[in-house]
Amino acid sequence: MTTIEAPRSPSRPARRGVNLEKWGWIYMRVSGVLLVVLIFGHLFVNLLVGEGVKAIDFGFVAGKWASPFWQWYDFFLLWFALIHGANGMRTLVNDYTNPGKVQTTLKVALGAAVVVLLTLGTLVIFTFDACPAGSPAELLPSFCPAA
Amino acid sequence: MSTATTDAPEATETAVPSFTVTFIIRRFDPDADAEPRWQDFDVEMFPTDRVLDALHKIKWEQDGSLTFRRSCAHGICGSDAMRINGRNRLACKTLIKDLDISKPIYVEAIKGLPLEKDLVVDMEPFFASFREVQPFLQASTAPEPGKERIQDVVARERFDDTTKCILCAACTTSCPVFWTDGQYFGPAAIVNAHRFIFDSRDDAAQVRLDILNDKEGVWRCRTTFNCSDACPRGIEVTKAISEVKQAIMRGKP
């Protein structure tokens, strides 16, 4: 005898806990809006203000990172953009591979790349020193007091 | 009166020019073929004919083994969704005059569902996700004895668009996410959930929103608009999916 399931019993058990797909989706929307502001602000300040694109050199970057405002600006730009891009790459991996070893490997590699880049990037932004003490004078830029 | 109407079509038929159209159809016979193969047919057609008429002509006059589904042949039953020149369409609603007949017309089965034979696919995974969203009215209150449940025009208008669905699977099988991940509910299931989630007489919206708030639920939608383009009923599928997303974020319809 075949038994017929009750019509309202769900065939997939209800999931518990955080729904990462949902938060990923919300993150893409929120960070997308913030990135429009951050990226156009970045382009405007670097390429249009003052001397424009010709002003960009080592000293220009050093000057920007001397101010905590630009440090935090670049910090948010780095984190929002990199995670936004990585999440987009994750959906591409989902699209082009089937669940299995290849997909897991690609996702782990993607995650590792994100962690390494975020760590290095954040470290550089906050510990950057244009004139490190004790360096040979010929390696230092011209505006350093030791040079 | 009857004589007048029988005379008229003959006069117009001689006036309408006919032309030869080449159809390239993706054939698959599970008993003989290991892989699907393309086969071409030349058919004499009128501009007023539909792709379904061409398939009929091929089946009736050239190759009786051609297999496809069709039932009402008037765009209501949803049996004959297929990929015509790379786009999901109903064969019975696609007119020859709307296609570029200077080139061959490619016809193949809809993608993403298991191919059974020629243009016939196994629709069961599609109907399984349709059933999962509980597409039936669930009311927790009893209506007044002897009376219907009253719904005003505005409340009916809220979900009017999604009542038009004929479950032809054109939208779901045009979705790139569904092609690679058969676990995704697909546009059609979400459209049918939308039809009940926003129905003022229904009380199980929360259950359906929880079902669609799954890892394989509405969040997989990438707003590619393939589904809205494919829908033969003109349902704004992507809009309906977005409304369900917003309802999940709000926590209520």
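## Reading a two-chain predicted model

Me: Where should I start with chain B: what share of its contacts with a separation of 6 or more comes from residues 24 or more positions apart?
Reply: That share is 66%. Keep in mind as we go that this is a predicted model. For chain A, residues 24 or more positions apart account for 59% of the contacts with a separation of 6 or more.

Me: And how many helices and strands does the secondary structure of each chain come to?
Reply: Chain B has nine helices and seven strands. Chain A has four helices and zero strands, so reading from its N terminus gives α-α-α-α.

Me: How much of each chain counts as buried?
Reply: A residue is called buried when 20 or more other C-beta atoms lie within 10 Å of its own. By that test, 40% of the 253 residues of chain B are buried, while in chain A buried residues make up 2% of 147.

Me: Could you show me that cut-off on one residue? Why does Glu108(B) count as buried?
Reply: Happily! Glu108(B) counts as buried because it has 20 C-beta neighbours inside 10 Å. Glu108(B) sits in strand 5 of chain B, residues 105–108. Setting aside neighbours within four places in sequence, Glu108(B) is in contact with Arg26(B), Met82(B) and Arg83(B). You can also find Leu119(B) 6.0 Å from Glu108(B), C-alpha to C-alpha, although the two are 11 residues apart in sequence.

Me: Next, domains. Into which domains is chain B divided?
Reply: Domain 1 covers 13–119, and domain 2 is made of 124–138 + 155–250. Their C-alpha centres lie 28 Å apart. The contact between them takes 14 residues from domain 1 and 14 residues from domain 2. On the domain 1 side, strand 4 of chain B (residues 87–90) gives the most, with four residues. That side of domain 1 has six nonpolar, four polar and four charged residues.

Me: Where does the largest nonpolar core lie with respect to those domains?
Reply: Between them, since domain 1 and domain 2 of chain B both give residues to this core. The core has 65 residues, and those touching the most other members are Phe23(B), Ala169(B), Ala170(B), Ala188(B), Ile190(B), Leu212(B) and Val244(B). Helix 6 of chain B supplies the largest share, seven residues. If you would like one residue to centre your view on, try Phe23(B): beyond four places in sequence, its contacts include Phe41(B), Ala54(B), Ile58(B) and Val107(B).

Me: Last one: how do I read the two sides of a helix? Which residues of helix 3 of chain B are buried?
Reply: In helix 3 of chain B, residues 124–132, the buried ones are Phe126(B), Ser129(B) and Phe130(B). They are on the same side of helix 3 because they cover an arc of only 105 degrees around the axis. The face turned away from that buried side carries the exposed residues Glu124(B) and Ala128(B).

Me: What do the buried residues of helix 3 of chain B pack against?
Reply: They pack against helix 6 of chain B, 187–197. Recall that helix 6 of chain B gives the largest share of the nonpolar core. For a final backbone detail, look just past helix 3: Gln134(B) follows, with a positive phi near 55 degrees.

Terms used: Residues are numbered from 1 along each chain as its sequence is written. Chains are lettered from A and ligands numbered from 1 in the order in which they are written. This is a predicted model: local features need pLDDT of at least 70, side-chain atom pairs count only at pLDDT 80 or more; totals for chains, interfaces and linings use all residues. A residue is buried if 20 or more other C-beta atoms lie within 10 Å of its own, exposed if 12 or fewer, and partly exposed in between; C-beta atoms are placed from the backbone. The arc is that of the directions from the helix axis to the C-beta atoms. Two residues are in contact if their C-beta atoms, placed from the backbone, lie within 7 Å. Domain bounds come from an automatic or database domain assignment. Ala, Val, Leu, Ile, Met, Phe, Trp, Tyr, Cys and Pro count as nonpolar, Asp, Glu, Lys and Arg as charged, and the others, Gly among them, as polar. A nonpolar core is a set of buried Ala, Val, Leu, Ile, Met, Phe, Trp, Tyr and Cys residues joined through C-beta atoms within 7 Å.
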